[in-house]
Amino acid sequence: MARHDRLLGRREGVTAAGVAPRSTSRLRPLRTPLLVGAAGAAAAALLHVRDPNVSGSYGYCPFALLTGLDCPGCGGLRAAHALTDLDLAAAASSNVLAVALAAVLVVAWIAWIPRRLRDPRARMIVLSSRVGFTLLGIALVFTVVRNTPWGAWWGS
């Protein structure tokens, strides 16, 4: 095909109509990170406006309804709401694990942007199985401790 184009006097990279195809924008790899950031900002705005401290405003935790115990996520919406008010103490008292997760996600998202510019296929977070099992263990310990009298201050 390239030989045929040379015989017709066409330059490489130019279509038969004489128009060069659009080059891929340098910002195209940032489309996914920007969409993820916009979704996070929209969720934070919703949590700021609609208070999860009102019972049932976002529904009820099925685990808590079935067992009477708090799951690792119980209080997470209240913690996120408190974070939107910049009240770190209230957020930590609602769910300290959710506060830590929010911090990790913000840092991971910020670090994702330059990595995505270098490699358009870079992911936000990649966990090894060891890290995944460690995080599951932390969530399990958190759940057990928060449902005991000693861990009541960890949020409920």
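Biologist: What makes R50 count as lying over the face of Y58?

Modeller: In this predicted model, R50 lies over the face of Y58 at 5.0 Å from the ring centre. The cut-off for a charge over a ring is CZ of Arg within 6 Å of the centre and within 35 degrees of the ring normal, so R50 qualifies.

Biologist: And how many aromatic pairs are there in the whole structure?

Modeller: Zero, from a search of the whole structure. A pair would need ring centres within 6.5 Å.

Biologist: On to the helices. Why is α2 called roughly antiparallel to α5?

Modeller: Helix α2 (residues 31-49) packs against helix α5 (residues 88-118) at about 165°, and their axes are 9 Å apart. Angles over 145 count as roughly antiparallel, so that label fits α2 and α5. Their crossing is left-handed.

Biologist: Which residues of α2 and α5 meet there?

Modeller: T32, P33, V36 and G37 of α2 meet W109, W112, I113 and R116 of α5. By class, that contact has five nonpolar, two polar and one charged residues. Gly counts as polar, so G37 goes in the polar group.

Biologist: How do you know that α5 and α6 are roughly antiparallel?

Modeller: The angle between α5 and helix α6 (residues 129-146) is about 165°, with the axes 11 Å apart. The cut-off is over 145, so α5 and α6 are roughly antiparallel to each other. Here α5 passes α6 in a right-handed crossing.

Biologist: What makes up the contact of α5 with α6?

Modeller: On the α5 side, S94, N95, V96 and L97; on the α6 side, I138, A139, F142 and R146. They divide into five nonpolar, two polar and one charged. Arg counts as charged, so R146 is the charged one.

Biologist: Why is α2 described as roughly perpendicular to α4?

Modeller: The axes of α2 and helix α4 (residues 76-84) come within 8 Å and cross at roughly 90°. The range for roughly perpendicular is 65 to 115, so α2 and α4 earn that description. A44, L47 and H48 of α2 make the contact with L77, A80, H81 and T84 of α4. By class, the count is four nonpolar, three polar and no charged residues.

Note on methods: Residues are numbered from 1 along each chain as its sequence is written. This is a predicted model: local features need pLDDT of at least 70, side-chain atom pairs count only at pLDDT 80 or more; totals for chains, interfaces and linings use all residues. Side-chain values use heavy atoms; hydrogens and water are left out. Axes are lines fitted to C-alpha atoms, for helices over the stretch in contact, and angles run from 0 to 180 degrees between N-to-C directions. Helices (H or I, at least four residues) and strands (E, at least two) are DSSP runs, numbered from the N terminus. Angles under 35 degrees count as roughly parallel, over 145 as roughly antiparallel, 65 to 115 as roughly perpendicular and the rest as oblique. A crossing is left-handed if the near helix is turned anticlockwise from the far one by less than a right angle, and right-handed if clockwise. Contact means heavy atoms within 4.5 Å. Rings of Phe, Tyr and Trp (its six-membered ring) pair if their centres lie within 6.5 Å; planes under 30 degrees apart count as stacked, over 60 as edge-to-face and the rest as tilted.
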